[in-house]
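Reader: I'd like to go through this model with you, one question at a time. Could you set out your terms as we go?

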Amino acid sequence: LSYNCITELPDVPLGISVLKTLNLSHNEIQRLQNNFLLKCPKLDCLDFSKNKLTALPTAEAASLLGDLAELYLGDNSFGSKELSESILELECFVPEFVLKLPKLKILDMSKNGLYCLPGPGHWATKSLSSLILSENGIETIDLGSSGDEQWNFLRRLNLKQNELKEIPSSIGRLTRLTSLDFSSNKITKLPLEMGNLSDLWELNLDGLKLDLPCD
């Protein structure tokens with residue numbers, strides 16, 4: 001259903017019990033209704049990239065999507081949404097629906113006007129392996145503390161073209177990272193803890209103004 005002119009989805013259950021992939025990218029959809037994804041227990045991949053989304057279903061709806069592993073929401077309008085009842089959404093514009101998905105592995109929320117990253121403790125999933133948040137306005141990131149386990153399997157973190165001024169020392173906890181992109185930010189120094197990332201094979205720091213010692 002991609003590349004149509006769909007502007008609105010019904011607030012009734014889609015109800016396709018064997019559905020695994022739903023692609024509604026490249027449309028004009030502004031809101032994903034609470035009931036639309038009900039009775040789709042096997043849904044594994046959901047693509048709503050390049051729409052005009054400002055709202056997603058409730059956190060309760062997310063808990064019913066126990067198999068949803070891939071969520072593509074790039075190039076939408078969450079950063080310009082109307083005021084939310086959720087304090088976390090109000091501060092970061094990351095919908096509670098996203099944070100409460102129990103088996104999420106891949107998330108793309110690039111180009112959404114986000115300006116902070118909720119820490120691992122806010123996420124229900126412990127399976128997250130790829131987090132793509134490029135081309136937002138993110139100024140700060142919370143990578144958690146020693147007690148957080150939610151991002152233990154994170155392998156790809158893309159934060160290029162944001163407004164970051166520093167990388168927290170807690171980056172050293174994400175020891176399974178293989179790909180890390182901080183290019184085109186305002187970062188001037190790298191924490192020593194990045195030396196703990198022994199599995200890292202792709203590191204993009206283009207466009208930074210790093211203050212590196214000469215000797």
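Author: Sure. Helices (H or I, at least four residues) and strands (E, at least two) are DSSP runs, numbered from the N terminus. This is a predicted model, where local features need pLDDT of at least 70, side-chain atom pairs count only at pLDDT 80 or more, and totals for chains, interfaces and linings use all residues. Residues are numbered from 1 along each chain as its sequence is written, and side-chain values use heavy atoms, with hydrogens and water left out.

Reader: Where is S25 found?

Author: Strand β1 covers 21-23 and strand β2 covers 45-47. S25 sits in the loop between β1 and β2.

Reader: Is S25 buried or exposed?

Author: Buried means under 20% relative accessible area, exposed over 50%, and partly exposed in between (1.4 Å probe, protein chains only). S25 has a relative accessible area of 4%, so S25 is buried.

Reader: Which side chain does a polar contact join to that of S25?

Author: A polar contact is a pair of N or O atoms within 3.5 Å; within protein, one must be able to donate a hydrogen and the other to accept it, and residues adjacent in sequence count only if both atoms are side-chain atoms. The contact here is 2.7 Å, and the partner of S25 is N23.

Reader: How many disulfides are found in the whole structure?

Author: A disulfide is a covalent bond between the sulfur atoms of two cysteines. The cut-off used is a pair of cysteine sulfur atoms within 2.5 Å. The search finds zero.

Reader: Why is the sulfur of C45 in no bond with the closest cysteine sulfur?

Author: C45 is buried at 14% relative accessible area, and C40 is buried too, at 2%. The closest cysteine sulfur to that of C45 is in C40, and it is too far for a bond, at 13 Å.

Reader: Which helix gives the largest share of the largest nonpolar core?

Author: A nonpolar core is a set of buried Ala, Val, Leu, Ile, Met, Phe, Trp, Tyr and Cys residues joined through side-chain atoms within 4.5 Å. The largest one has 54 residues, and those with the most contacts inside it include W123 and L131. The largest share, three residues, comes from residues 96-99, helix α3.

Reader: How many helices and strands does the protein have?

Author: Along the sequence, the pattern opens β-β-α. The totals are three helices and ten strands.
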